[in-house]
Amino acid sequence: MKIGFIGLGRMGYHMARNLAAAGHEVAAYDVLPEAVARVAETPGIRAGSSVADVARDADVVCSSLPSPQSVEEIALDEGGLADSMREGAIYIDLSTNAPAVVRKLSPILAEKGIKMLDAPVAGGTGGAEKATLSIMVGGDEAVYNEMQPVLSALGNKLFYCGDIGAGSVVKLCNNIAAQGYNMVLGEVLTMGVKAGVELKTLATVIGSSTGTSQRLVNAYPTGLFKRAFLPAPFSLILSNKDTRLALELSHEVNVPMAVGELVYKDQMELLERGLGEMSTDALVQMQEERAGIVLEIDEKDLPLQFMQFQPQQPAVAPKKDA
């Protein structure tokens, strides 16, 4: 299949390579010529010179871009997807996007005979490189089914979420949830340490019990607990953009999000300090400052050992003899 790929940053670079590795004929474009040159070293990938160049002959065009504005520009600007893609082709936006933008673009492209899916991804650069991303898809279900072989080259957890825009809604819910957990974990761990319990003990017990989360079990032992915030698999500046989009959506649908607002406030403080390139674990630094606690575990005590939590079944009293 001929695939145009637009956006060759931390995620897009790996996704374009995985599409080529799956046997697709890929034409790749980015506004940065060095990004195009780098990915074009991969067998099966042609360096594209513009959006129109990679879209013109493509069966499918994918984009992985940093903002809704960027997506709207490549779709609607002169020489963009609406002008360049052929009738019957399919556009898959892999970016974390605003549902309102996706729902605006889809009918405009449909007038040109172009079908669209919104398919934001989760899993960070590691998931992008290994093709183990979660992909949350909105759009016509028949188009989703047709595109499963393409999407399966990028991730191994595919979710059909509903009509166009639904994938973007689910992704924003996922990302704001992840940062909410991040903030709560910072609070409970600093409280526990300040109350006299070793951090290793707290992390191991909570990580093996009902309070567990993937962030505590998988991310903190290699990030926060080692004070390793760079390089970032997913940076604060990108997370802040996603938090803002989630809050904008909450305002659109009139749903209060008190925790989300607090996440955004702390993220903005960190960005103002120039820490935007750090990993999202750095969000916990704000709570550390408030509590006067640093959540660090000695290298020799890492990695932590977590047990799969299994709730105990209540004991069954022996039956009395009749």
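A residue counts as buried when its relative accessible area is under 20%, as exposed when that area is over 50%, and as partly exposed in between. Keep those cut-offs at hand for this tour of a predicted model.

**Stop 1: an aromatic pair**

Start by selecting Phe225. Its relative accessibility is 0%, so Phe225 counts as buried. Now add Tyr220, which is also at 0% relative accessibility and therefore buried. Show both side chains and turn the view until you can see the two rings. Two aromatic pairs are counted in the model. In the other pair, which we meet first, the ring centres of Tyr144 and Tyr160 lie 5.3 Å apart and the planes make an angle of 35 degrees, so this pair is tilted. Back at your selection, Tyr220 and Phe225 make an edge-to-face pair, with 5.4 Å from centre to centre and 65 degrees between the planes.

**Stop 2: Tyr144 and Tyr160**

Select Tyr144 and Tyr160 next. What parts does this pair tie together? Tyr144 belongs to helix H8 and Tyr160 to strand E9, so the pair links parts that are 16 residues apart in sequence. Are the two partners buried or exposed? Tyr144, with a relative accessible area of 6%, is below the 20% limit and so is buried. Tyr160, at 28%, is past that limit and therefore counts as partly exposed.

**Stop 3: strand E8 and its neighbours**

Tyr160 leads us to the next selection: in E9, Tyr160 is the bridge partner of Val137. Val137 is part of strand E8, so colour residues 133–138. This strand is mostly covered, with six of its six residues buried.

It helps to recall that side chains in a regular strand alternate between the two faces of the sheet. Look along E8 with that in mind. On one side are Leu133, Ile135 and Val137, and on the other are Ser134, Met136 and Gly138; both faces are covered, and all of these residues are buried.

Now bring in the strands that pair with E8. Strand E7, residues 121–122, runs antiparallel to E8 and is joined to it by two bridges. To find this contact, select Ala122 and Ser134, which stand opposite each other. Strand E9, residues 155–162, pairs with E8 in the parallel sense over six bridges. How does the chain get from E8 to E9? It passes through helix H8, residues 141–151, in a right-handed β-α-β crossover.

**Stop 4: two positive phi values**

Step back along the chain from E8 to Ala131, in the loop between helix H7 (124–130) and E8. Ala131 has a positive phi, near 60 degrees, in a residue other than glycine. With a relative accessible area of 18%, Ala131 falls under the 20% cut-off and so is buried.

Jump to Asn254 for another positive phi, about 60 degrees, again in a residue that is not a glycine. Asn254 sits in the loop between H12 and helix H13 (258–272). Its relative accessible area is 69%, over the 50% cut-off, so Asn254 is exposed.

**Stop 5: two cis peptide bonds**

Select Leu230 and Pro231. The peptide bond that joins them is cis, with omega about -5 degrees. Pro231 is in the loop between helix H11 (214–219) and helix H12 (236–252).

Then go to Leu302 and Pro303, where the peptide bond is also cis and omega is near 0 degrees. You will find Pro303 in the segment after helix H14 (284–291).

**Stop 6: the second largest pocket**

Show the surface for this stop. The second largest pocket has a volume of about 170 Å³. Select its lining: Lys2, Ile3, Gly4, Glu25, Val26, Ala27, Arg46, Asp53, Val54, Arg56, Asp57 and Ala58. Which elements supply at least two residues each? They are strand E1 (2–6), strand E2 (25–29) and helix H3 (51–55). Colour the lining by class, and you will see five nonpolar, one polar and six charged residues.

**Last stop: Ala110**

Finish at Ala110, in helix H6 (residues 99–110). Its relative accessibility is 47%, between the two cut-offs, so Ala110 counts as partly exposed. For a final distance, pick the C-alpha atoms of Ala110 and Arg86: they are 11 Å apart, while the residues are 24 positions apart along the chain.

Note on methods. Residues numbered from 1 in each chain as written. Predicted model: local features only at pLDDT ≥ 70, side-chain atom pairs only at ≥ 80, totals over all residues. Heavy atoms only, no water. Helix = DSSP H or I, 4+ residues; strand = E, 2+ residues; numbered from the N terminus. Buried < 20%, exposed > 50% of the residue type's maximum accessible area, 1.4 Å probe, protein only. 1 Å grid on protein atoms, 1.4 Å probe; cavity = no way out; pocket = protein on both sides within 12 Å on 5 of 7 lines; lining within 4 Å. Points joined across faces, edges and corners; volume = space filled by probe spheres on them. Nonpolar A, V, L, I, M, F, W, Y, C, P; charged D, E, K, R; others polar. Pairing = 2+ DSSP bridges. Right-handed = clockwise from strand over helix to strand, strands pointing away. Phe/Tyr/Trp six-rings, centres within 6.5 Å; stacked < 30°, edge-to-face > 60°.
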